[in-house]
Amino acid sequence: MLVLAGVNGWRSLLQRTYERARPWVESRVGQALGHPLQIGPLEGLGPDGLRIGPSRLLPGAQDASTVRLRGATLSLDPLGSWRRRQLILDLTFHGAQVDLRRNAQGQLWVLGPLPPGGEPPALELRMRLLEPANVRLWGLGADRSRPITLTAAGQVDLGLRRRGLELRARAAAPGLPGSAVLQGSGNWRDRRWHVALEPRGFPIQPFRPLLPLPGRLEGVADGRLNLSLDQGRPGCAGNLALRDLRWRPQRDRKSTRLNSSHTVISYAVFCLKKK
């Protein structure tokens, strides 16, 4: 009986502590991400941290993108926090549905602004998607009502004090072979960003809405693209190899195999700066 009472007392203490800390975590993390955060109820404590129920990131002030989670795990890195003199939180997301909606400036996600005249909080977020998330990209093609659908898993590290971000992810098209590796980093104080994209037999079908072509387009892409933004100046380099291209203009017609089975396109021609 004493053991049972002790366990119940410990659970009650953990629940009360979580409820007191939840508004602070929602405020700080939501402000950093630029989107209001609603954390779900506490479901328990495991070896990997606090297990949290369904949670979500709501539309932000600068974009309408959202994230819905089946659950999340929250933990503190005490040794890293002591060494770096800042709070380091590890967030692992489960069952994520990500809807990225392009705003009027062409941005899919806008991080939160710094406090006027103040320094950012000493906080670092390490966010992980261990299981592939469903990602929908809205507003990128001619038909704004149809999203580009992908799956993605990876990690994003967001350091507010250093004003930096690192991204490592692997994306795929649902039900199709091939993948693409994405690595990026940036600093919003220096306004410098860099992204490297490596498609590896990645199917081009999901991106057909981006092209002014009717019907069905098939094929796979390989290569490496390096994109950068240095204080507003865009830059890009790399090659994209397209293989096994087929185009079917209409549903009732056979697909037409394009003349070249291995076409290499220099990506630089698509990086002209808008006047």
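The paragraphs below lead through a predicted model of one protein chain, from its overall make-up to single residues.

The protein chain has 275 residues, and 37% of them count as buried. Its regular elements are two helices and 17 strands, and several of these will return below as the places where particular residues sit. If one takes the contacts between residues at least 6 apart in sequence, 49% of them join residues at least 24 apart. On the outside, the protein chain exposes about 16500 Å², and carbon and sulfur atoms supply 57% of that area.

The interior can be entered through the largest nonpolar core, a group of 38 residues in which Val29, Leu33, Phe93, Val98, Leu125, Met127 and Leu158 touch the most other members. Strand 9, which runs through residues 123-138, gives the largest share of this core, namely seven residues. Apart from this core lies another one, made of seven residues, including Ile204, Leu217, Leu240 and Leu242. To see what surrounds one member of the largest core, the reader can look at Leu158, which, when neighbours within four places in sequence are left aside, is in contact with Ala32, Leu33, Leu111, Leu123, Glu124, Leu125, Met127, Gly164, Leu165 and Trp188.

One name in that list, Glu124, deserves a separate look. Glu124 is found in strand 9, and it counts as buried because its relative accessible area is 4%, which is under the cut-off of 20%. Which side chain does the side chain of Glu124 meet in a polar contact? The partner is the side chain of Gln86, at 3.1 Å. Once its neighbours within four places in sequence are set aside, Glu124 is in contact with Arg84, Gln86, Leu87, Ile88, Leu89, Leu158, Gly159 and Arg162.

From the packed residues we can turn to empty space. Rolling a probe the size of a water molecule over the atoms shows where such space is left. A search of the whole structure finds one cavity of 30 Å³ or more, and the largest cavity holds about 130 Å³ of space. It is lined by 14 residues, of which Leu37, Ile39, Leu69, Leu91 and Phe93 are the closest to its centre. The elements that give two or more residues to this lining are helix 1 (2-33), strand 4 (55-57), strand 6 (71-76) and strand 7 (87-94). Phe93 thus appears in two parts of this account, since it was also named among the residues that touch the most other members of the largest nonpolar core.

The second largest pocket contains about 340 Å³ of space. Among the 16 residues that line this pocket, Ala21, Val25, Leu50, Leu74 and Leu76 lie nearest its centre. Two or more residues of the lining come from each of helix 1, strand 3 (49-52), strand 6 and strand 7, and the largest share, seven residues, is supplied by helix 1.

Further along the chain, Asn187 has its place in strand 12, which covers residues 179-187. Is Asn187 buried or exposed? It counts as buried, because its relative accessible area of 15% falls under the limit of 20%. The side chain of Asn187 reaches the backbone oxygen of Arg163 at 3.3 Å, and, not counting residues up to four places away in sequence, Asn187 touches Arg162, Arg163, Gly164, Arg192 and Trp193.

Arg248 lies in strand 15, which spans residues 233-248. With a relative accessible area of 31%, Arg248 is partly exposed. Its C-alpha atom is separated by 4.9 Å from that of Arg216, although the two residues are 32 apart along the chain.

Finally, two loop residues are worth a look for their backbone angles. Most residues other than glycine have a negative phi. Arg85, however, is not a glycine and has a positive phi of about 55°. This residue is found in the loop between helix 2 (78-84) and strand 7, and it counts as exposed because its relative accessibility of 55% is over 50%. Arg191, another residue other than glycine, has a positive phi near 55°. Arg191 is found in the loop between strand 12 and strand 13 (192-203), and at 47% relative accessibility it counts as partly exposed.

Key
Residues are numbered from 1 along each chain as its sequence is written. This is a predicted model: local features need pLDDT of at least 70, side-chain atom pairs count only at pLDDT 80 or more; totals for chains, interfaces and linings use all residues. Side-chain values use heavy atoms; hydrogens and water are left out. A nonpolar core is a set of buried Ala, Val, Leu, Ile, Met, Phe, Trp, Tyr and Cys residues joined through side-chain atoms within 4.5 Å. Buried means under 20% relative accessible area, exposed over 50%, partly exposed in between (1.4 Å probe, protein chains only). Helices (H or I, at least four residues) and strands (E, at least two) are DSSP runs, numbered from the N terminus. Contact means heavy atoms within 4.5 Å. A polar contact is a pair of N or O atoms within 3.5 Å; within protein, one must be able to donate a hydrogen and the other to accept it, and residues adjacent in sequence count only if both atoms are side-chain atoms. Accessible areas come from the Shrake-Rupley method with a 1.4 Å probe; for residues, only the protein chains shown count as cover. On a 1 Å grid over the protein atoms alone, a cavity is a set of points where a 1.4 Å probe fits but cannot get out, and a pocket is an open set with protein on both sides within 12 Å along at least five of seven lines; lining residues have an atom within 4 Å of a point. Grid points are joined across faces, edges and corners, and a volume is the space filled by probe spheres set on the points.
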